[in-house]
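Please open the model in your viewer and keep the selection panel at hand. The tour moves from strands to helices and then to cysteines.

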Amino acid sequence: MKPAALRTLFVIAALIVVNVLSAFVFFRLDLTQEKRYTLSEATENLLVNLPDDIHVDVYLTGDLPPGFKRLESAVHETLDEFEARAGKTITYRFIDPDLVTNPDEKNKLIDKLQQRGLLPTNLFASEGGKRTEKLVFPGALVSYKGQETAVQLLKGNKAASPEEQLNQSYEGVEFQLASAIRKLTQTEGNRRRVGLLYGHTQVPPSRFADLLASVQQNYDLYFIDMTKPGPIAGLDAILVPKPDKPFSEEDIFKLDQFVVNGGRALFFVDGQRVDSVNNEGTYAQPVSLNLDDLFFRWGIRLNRDIVKDLHCAPIPLNVGNLGDKPNVQLLPWRFYPLLNDFGTSGNPIVRNLDATLGRFISTLDTVQAAGIRKTPLLLTSPYTKVLKAPVLISYNEAHQQPDPQTYNEGPKLIGCLLEGRFKSLFANRILPSDPRAAGFRPEGVASRILICSDGDLIVNDVDYKRNAPYPLGFDRFTRNTFANKDFALNALDYLVDPNGVIAARTRTVALRPLDKIKVDASRTRWQLVNLLGPLALAGLVGLVWQVVRRRKYGQ
């Protein structure tokens, strides 16, 4: 047999062997620098253990700008990876709403998507000298056993440039889709347990409604009655929402031992109390919750003050009369700071998070605590002024033009993550004869705590006309929704399991923009290379081929 025929047979045999092996051995190689196609371990575990079929309808497709096409490609690539890991359990399709040409049917589709929780985005472009507008739905609907949940794919910090926000959305695709699948597929047996301390706040339950409903989608929620004897046990984490009543020593002991024994805790507390505000003014009074010594042992001091920030949300105020009617305008209210500084840690709780809305916030200081790592998560803008409580607060203050020179106290810490082996506040204080000595631990296993000096961060407004709560973070004056709920839920996910689905938020995809000056200067050259290069290469290959043939067969 001739050598050429042997080589052909060898290639065919090799291809057959590769195809046979591929039916039994599965592998994929991610050659990108950021490992953008590699799923987190928690996501892979979620996908390989799916109990039933998952279907995803993605509405981000069609005639889109390049940035949105890149986001669409990221969704497609991520779902391909999901499908590769889960097999036939996951199916998906991309639906272009613009393909519905009938106006009535299209309006029905748009209404249906909005009712199911997908928020549209308006895209503006100039075509032929005319400004055009297009409504797109950068989201997906995930279905499982007759249940459905909406996934917003366009996330990120709105203060970033459009390119950066789209890149942040690109980075968050895996987390958004995996979180939706986890929410739908969790069963009673594998859900974590979260406790809520409810006896130390006078805030009505309707003001926590959205947060609690969101927590219950991923966790089993229990209410903790601190008046009952015995320790806090059987819970993965506890949530302490805006306490305004002092904790007793017995309460402090229970909290202390819960954390020492590895329990996680999330505190949203105030350093002062503002009951109500009017034009004449009211005083912000310092609040004593008896948590100072416990926080100090953990490495945090809650200050009795209130922050004014030039980077703030507005409130409606009457600035005079317009004819015979009051002239109501939105004026900056410096006691409602917008928190858009998340430190430099890149922690998954706040990575690519949008701004959060604070109300009457206090400040935190860190103090020495052996073995405790402190990570700043929420900070004010640099343009702040701190007032010690008690201090008069009046709506009339919003009418005054602030002097920026007096807002010079720099960023203030509002939220801090504490991680490590916490030592008990009661170490060397519990005598053997004390009934609490049984089971007491002066130092325990590693745990995590998050303390935020704004109790209102997790309090939603209520629409009293409809008797329904607004979404957490929704500002009814500006109609903007801030990331308060995302912050709280991310924090809870991280405290309970930092290596879970929340770990997907650490994905980083670097933007590598072209040098516009160099592009403009060498545009024509590269256009010619791209146009003539392939033709020249094809011609060269043909010429070489003809030369070889003439030398071989010309004799």
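Two strands are said to pair if DSSP finds at least two bridges between them, where strands (E, at least two residues) and helices (H or I, at least four residues) are DSSP runs numbered from the N terminus. The structure is a predicted model, in which local features need pLDDT of at least 70 and side-chain atom pairs count only at pLDDT 80 or more, while totals for chains, interfaces and linings use all residues. Residues are numbered from 1 along each chain as its sequence is written, and side-chain values use heavy atoms, with hydrogens and water left out.

**First stop: strand β1**

Select residues 54-58, which form strand β1, and add residues 139-144, strand β5: the two pair in the antiparallel sense over four bridges. Within this pairing, Asp 57 of β1 stands opposite Leu 141 in β5. Now add residues 90-94, strand β2, which pairs with β1 in the parallel sense over five bridges, and here the bridge partner of Asp 57 is Arg 93. To follow the chain from β1 to β2, trace it through helix α3 (residues 66-86); this β-α-β crossover is right-handed, meaning that, with the strands pointing away from the viewer, the path from the first strand over the helix to the second runs clockwise.

Is β1 enclosed or open? Four of its five residues are buried, so β1 is largely enclosed by the rest of the structure; buried means under 20% relative accessible area, with a 1.4 Å probe and protein chains only.

**Second stop: helices around α3**

Keep α3 selected and add helix α2 (residues 41-48), whose axis comes within 8 Å of that of α3 and crosses it at roughly 55°. Axes are lines fitted to C-alpha atoms, for helices over the stretch in contact, and angles run from 0 to 180 degrees between N-to-C directions. The two helices, α2 and α3, are therefore oblique to each other, a word for angles that are not under 35 degrees, over 145 or 65 to 115.

Next, select helix α6 (residues 173-185), which packs against α3 at an angle of about 50°, with the axes 10 Å apart; α3 and α6 are therefore also oblique to each other.

**Last stop: cysteines**

A search of the whole structure finds zero disulfides, a disulfide being a pair of cysteine sulfur atoms within 2.5 Å. Select Cys 416 and Cys 452: the sulfur of Cys 452 is 11 Å from the closest cysteine sulfur, in Cys 416, too far for a bond. Cys 416 is buried, with a relative accessible area of 0%, and Cys 452 is buried, with a relative accessible area of 0%.

Note on methods. Buried means under 20% relative accessible area, exposed over 50%, partly exposed in between (1.4 Å probe, protein chains only).
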